[in-house]
Amino acid sequence: MIRFLAACHWSRRIDVVADAAYRGKALRDLPVSVTFTTRLPSHAVLYRLAPPPTGRRGRPRLKGDRLGTPAELAATPAFTAQAVTRYGRTKTVFTAETTCLWYGSFHTQTVKVLLLREDAVDTGYDLALISTDLTASAGQLVARYPARWSIEVTFGEAPGILGVGQAHHRTRRAVQRGVPFGLYCYTITVVWYALHGHHPQDAAEHRARAPWYLTKTHPAFSDMTANLRRTIIAARFMPIDAGQPTDTEIRAVQEAWAAASAHLA
């Protein structure tokens with residue numbers, strides 16, 4: 001998927017962020033326009049960069065001396081204070097970074113390991129990140145990792161609002177297509193709302209209906225689906241006037257859903 005996106009957006013840089021489950025040999029030889037940042041497993045073994053060739057006979061060394069696991073690495077470097085913004089809040093954390101090799105996953109590609117402590121304790125670490133982006137600062141990598149939270153919200157909202165994954169299928173093809181189709185509908189809903197359904201007062205109207213949402217400034221996916229539902233109902237059962245959706249909006253909804261059905265048929 002990463003290679004496909006890189007080919008479609010060949011002129012843009014893509015920074016991929018993932019959790020610790022995404023690692024292994026598949027990450028080797030990614031396109032040059034792609035950087036990959038993930039959480040480093042606690043049992044990962046790190047090595048120094050390969051030493052220069054000695055000129056002697058035989059294959060040159062592919063990796064340097066053993067640095068150890070993240071816990072072993074955390075006992076040696078000096079941690080420095082960094083002010084980072086995560087989840088909408090700015091906080092001071094303590095980081096230490098090392099340029100090394102993770103031979104098990106990235107083979108001989110040089111990577112940056114970042115160890116993070118939430119407070120100024122003397123030992124250990126709270127988070128270990130590894131990245132192929134050698135130019136990013138420690139603060140940028142720490143702030144980049146929480147950016148993946150939006151996909152976790154999607155995985156929570158898709159079953160809860162659209163019922164993705166809750167259908168009972170009886171054939172192999174239905175099993176394979178059910179969840180992708182549900183996520184496809186999720187995407188279509190967001191795209192439709194961004195292009196046709198959004199209104200600047202949506203969040204304000206929601207706060208008026210539910211005043212306990214004091215900090216709500218942006219519409220949630222539930223607001224988007226409610227807006228889409230009203231639009232579809234109006235298009236099917238109500239005459240179109242100034243207060244109802246336009247022909248263009250109705251046609252956009254119909255074409256989007258038709259394209260989704262045809263794509264997965």
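# Briefing on cores, salt bridges and the largest pocket

Across the whole structure, a search finds 11 salt bridges. The structure is a predicted model, and every value below was computed from that model. The points that follow take up the salt bridges, then the nonpolar cores, the largest pocket, and finally some individual residues.

**Salt bridges between strands S6 and S7 and the loop after S7**

- Lys 91 pairs with Glu 118 in a salt bridge whose closest N and O atoms are 3.4 Å apart, and this pair joins distant parts of the chain, since Lys 91 belongs to strand S6 while Glu 118 sits in the loop between S7 and S8, 27 residues apart.
- Both partners of that bridge are partly exposed, Lys 91 having a relative accessible area of 42% and Glu 118 one of 27%.
- A salt bridge also brings together the side chains of Lys 112 and Glu 97, with an N to O distance of 3.3 Å; because Lys 112 lies in strand S7 and Glu 97 in strand S6, the pair ties together parts that are 15 residues apart in sequence.
- The two ends of this second bridge fall into separate accessibility classes, for Lys 112 is buried at a relative accessible area of 5%, whereas Glu 97 is partly exposed at 41%.

**A salt-bridge network that includes helix H4**

- The side chains of Asp 133 and Arg 144 form a salt bridge, 3.1 Å from N to O; Asp 133 is placed in the loop between S8 and helix H4 (138–144) and Arg 144 in helix H4 itself, so the bridge ties together parts that are 11 residues apart in sequence.
- Asp 133 and Arg 144 are both buried, and they belong to a network of salt bridges that also links Arg 13 and Asp 15.

**Nonpolar cores**

- The largest nonpolar core has 24 residues, and the members that touch the most others are Phe 36, Leu 40, Leu 46, Trp 102, Val 113 and Leu 115.
- At least two residues of this core come from each of strand S1 (14–18), strand S2 (34–39), helix H2 (70–74), strand S6 (89–101), strand S7 (110–117) and strand S8 (127–131).
- When its neighbours within four places in sequence are set aside, Leu 40 is in contact with Leu 46, Pro 70, Trp 102, Val 113, Ala 128, Leu 129 and Ile 130.
- Another core, of 11 residues, lies apart from the largest one, and its members include Val 84, Leu 114, Leu 116 and Leu 127.

**The largest pocket**

- The largest pocket holds about 1300 Å³ of space, and of the 30 residues that line this pocket, Met 1, Leu 5, Val 16, Val 17 and Ile 151 lie nearest its centre.
- Helix H1 (2–8), strand S1, helix H5 (149–162) and helix H6 (172–197) each contribute at least two residues to the lining of the largest pocket.
- By residue class, the lining of the largest pocket is made up of 18 nonpolar, four polar and eight charged residues.
- Strand S1 thus appears in two of these descriptions, as a supplier of at least two residues to the largest nonpolar core and of at least two to the lining of the largest pocket.

**Positive phi values in two loop residues**

- Asp 29, in the loop between S1 and S2, has a phi near 60 degrees, which is a positive value in a residue other than glycine; Asp 29 is exposed, with a relative accessible area of 69%.
- His 107, in the loop between helix H3 (103–106) and S7, likewise has a positive phi for a residue other than glycine, near 55 degrees; at 26% relative accessibility, His 107 counts as partly exposed.

**Helix residues and sequence-distant partners**

- Ala 143, found in helix H4, counts as partly exposed at 29% relative accessibility, and, not counting residues up to four places away in sequence, Ala 143 touches Thr 85 and Arg 86.
- From C-alpha to C-alpha, Ala 143 and Thr 90 are 9.8 Å apart in space, although they are 53 residues apart in sequence.
- Trp 192, found in helix H6, counts as buried because its relative accessibility is 5%, under the 20% limit for that class.
- The C-alpha atoms of Trp 192 and Leu 228 are separated by 8.2 Å, the two residues being 36 residues apart along the chain.

Notes. Residues are numbered from 1 along each chain as its sequence is written. This is a predicted model: local features need pLDDT of at least 70, side-chain atom pairs count only at pLDDT 80 or more; totals for chains, interfaces and linings use all residues. Side-chain values use heavy atoms; hydrogens and water are left out. A nonpolar core is a set of buried Ala, Val, Leu, Ile, Met, Phe, Trp, Tyr and Cys residues joined through side-chain atoms within 4.5 Å. Buried means under 20% relative accessible area, exposed over 50%, partly exposed in between (1.4 Å probe, protein chains only). Helices (H or I, at least four residues) and strands (E, at least two) are DSSP runs, numbered from the N terminus. Contact means heavy atoms within 4.5 Å. A salt bridge is a side-chain nitrogen of Lys or Arg within 4 Å of a carboxyl oxygen of Asp or Glu. On a 1 Å grid over the protein atoms alone, a cavity is a set of points where a 1.4 Å probe fits but cannot get out, and a pocket is an open set with protein on both sides within 12 Å along at least five of seven lines; lining residues have an atom within 4 Å of a point. Grid points are joined across faces, edges and corners, and a volume is the space filled by probe spheres set on the points. Ala, Val, Leu, Ile, Met, Phe, Trp, Tyr, Cys and Pro count as nonpolar, Asp, Glu, Lys and Arg as charged, and the others, Gly among them, as polar.
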